[in-house]
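Student: I would like to go through this structure by question and answer. Can we start with the rings and then move to helices and strands?

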Amino acid sequence: MIYLKTEEQIEQLREANLIVARTLGEVAKWVKPGVTTLKLDQIAEEYIRSQGAVPGFLGLYGFPNTLCISVNENVVHGIPSNYVLAEGDIVSVDCGAVINGFNGDSAYTFCVGEVAPEVKALLKTTKESLYVGIEKAIEGNRIGDVGNAIQEYCEKRGYTVVRELTGHGIGKKCHEDPEVPNYGRRGTGPLIKNGMTFCIEPMINMGSKNVVFERDGWTCRTRDRKPSAHFEHAIAIRNGKADILSSFEYIEEVLGDKSI
């Protein structure tokens, strides 16, 4: 069941997503060699609560933390730990927050110090593909048009698209219908209508598209252990086109000329 949102509900979703955006901006200040992923998690939880919101992922399906933090070959759903970030790492930070019963959800992959040029190129392409997908999120198109645009953009540049995990609808639940794959055929899938709200989140690999799930029951990593990148925005379909509810503005303010 796809729930179409009212203008008021979309604004409530925007509020939640901007809390997530500011949280990621706070996390960006701490992404550097020598910092543990658990420290990033602590920063995020404290900031979310300071905004009168609660962490959206903490306890969701039993997840133990505020952030999903996935380093290098880990694609998504990594559990924060005492792992110490090292020069040259990349780290995907996926964050959720709930306020007034509505969810925010966004993700960004950060460079830790100086990162190899070919890895930085993976991040750049993945981030660009997010906006390529968003451009296809217009009234009258189908969800398959979004996934197809992301897939073609990334595969033309030599990267692969994870199949097992997708974007999703968002509202009073963090995960609603429809599923939003990052691959697919044009003209297939649910029809995009005004009032739809969903997250687009390319998960793109440098090597094979194949992934495995670790024994912790959460962490998804590339089978060949090559790097993977992940970027996510929440959007609403308003006046026939995508209105981005989340934002990377706060991250980019912190990173300055080091932004991807």
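**Charges, rings and packing**

Tutor: This is a predicted model. In it, the charged end of Arg-163 lies over the ring of Tyr-183, 4.7 Å from the ring centre.

Student: Which ring does the charged end of Lys-39 sit over?

Tutor: Take the charged end of Lys-39 and look for the ring beneath. The distance to the ring centre is 4.8 Å. The cut-off for such a contact is 6 Å, along with an angle limit of 35 degrees from the ring normal. The ring belongs to Trp-30.

Student: Is the pair of Tyr-108 and Phe-110 stacked, tilted or edge-to-face, and why?

Tutor: A pair of aromatic rings is described by the distance of the centres and the angle of the planes. Planes under 30 degrees apart count as stacked and over 60 as edge-to-face, with the rest tilted. For Tyr-108 and Phe-110 the centres are 4.9 Å apart and the planes stand at 50°, so the pair is tilted.

Student: What kind of pair do Phe-231 and Phe-248 form?

Tutor: Their ring centres are 6.2 Å apart. The planes of Phe-231 and Phe-248 meet at 70°. The class for angles over 60 degrees applies. The pair is edge-to-face.

Student: How many residues apart are Phe-231 and Phe-248?

Tutor: Phe-231 is in the loop between β13 (228–230) and β14 (233–238). Phe-248 is in the loop between β15 (241–244) and α5 (249–255). The pair links distant parts of the chain, and the two residues are apart by 17 residues.

Student: Which residues form one aromatic cluster?

Tutor: Tyr-108 and Phe-110 are both buried. Phe-231 and Phe-248 are buried too. One aromatic cluster is formed by Tyr-108, Phe-110, Phe-231 and Phe-248.

Student: Is Lys-127 buried or exposed, and why?

Tutor: Lys-127 is found in helix α3. Leaving aside neighbours within four places in sequence, its contacts are Tyr-108, Phe-231, Phe-248, Glu-252 and Ile-260. The relative accessible area of Lys-127 is 8%, and the cut-off is under 20%, so Lys-127 is buried.

Student: What distance separates the end C-alpha atoms of α3?

Tutor: Helix α3 has 19 residues. At 1.5 Å a residue, they should span 27 Å. The model agrees: the end C-alpha atoms of α3 are apart by 27 Å.

Student: How many residues of α4 are buried?

Tutor: Helix α4 covers residues 143–155 and reaches 19 Å, close to the expected 18 Å. It is mostly covered. Its buried residues include Ile-143, Asp-145, Gln-151 and Tyr-153. Of the 13 residues in α4, the buried ones number eleven.

Student: Which elements do the buried residues of α4 pack against?

Tutor: The partners include one helix, α3 (117–135). The strands among them include β6 (160–161) and β8 (176–180). The full list is α3, β6, β8, β9 (197–200) and β10 (203–205).

Student: Which residues does the cis peptide bond join?

Tutor: Most peptide bonds are trans. Here omega is about 5°. The proline of this bond is found in strand β8. The cis bond joins Asp-177 and Pro-178.

Student: Which are the edge strands of the open sheet with the order β3-β12-β11?

Tutor: The pairing in this sheet of three strands is antiparallel. An edge strand pairs on one side only. The edge strands are β3 (74–76) and β11 (211–213).

Student: Which residue of β12 is the bridge partner of Asn-74?

Tutor: β3 and β12 (residues 220–222) pair in the antiparallel sense. Two bridges hold this pairing in the count. In β12, the partner of Asn-74 is Arg-221.

Student: What is the phi of His-77 near?

Tutor: Most residues other than glycine have a negative phi. His-77, in the loop between β3 and β4 (90–99), has a positive value. Asn-72, in the loop between β2 (67–71) and β3, also has a positive phi, near 60°. For His-77, phi is near 65°.

Student: What separation do the C-alpha atoms of Asp-41 and Ile-69 have?

Tutor: Asp-41 lies in helix α2 (residues 37–50) and is buried, with a relative accessible area of 5%. Its contacts beyond four places in sequence include Ile-69 and Pro-80. Asp-41 and Ile-69 are 28 residues apart along the chain, and their C-alpha atoms are separated by 8.2 Å.

Definitions and conventions
Residues are numbered from 1 along each chain as its sequence is written. This is a predicted model: local features need pLDDT of at least 70, side-chain atom pairs count only at pLDDT 80 or more; totals for chains, interfaces and linings use all residues. Side-chain values use heavy atoms; hydrogens and water are left out. Helices (H or I, at least four residues) and strands (E, at least two) are DSSP runs, numbered from the N terminus. The expected span of a helix is 1.5 Å times one less than its number of residues. Buried means under 20% relative accessible area, exposed over 50%, partly exposed in between (1.4 Å probe, protein chains only). Contact means heavy atoms within 4.5 Å. Two strands pair if DSSP finds at least two bridges between them. Rings of Phe, Tyr and Trp (its six-membered ring) pair if their centres lie within 6.5 Å; planes under 30 degrees apart count as stacked, over 60 as edge-to-face and the rest as tilted.
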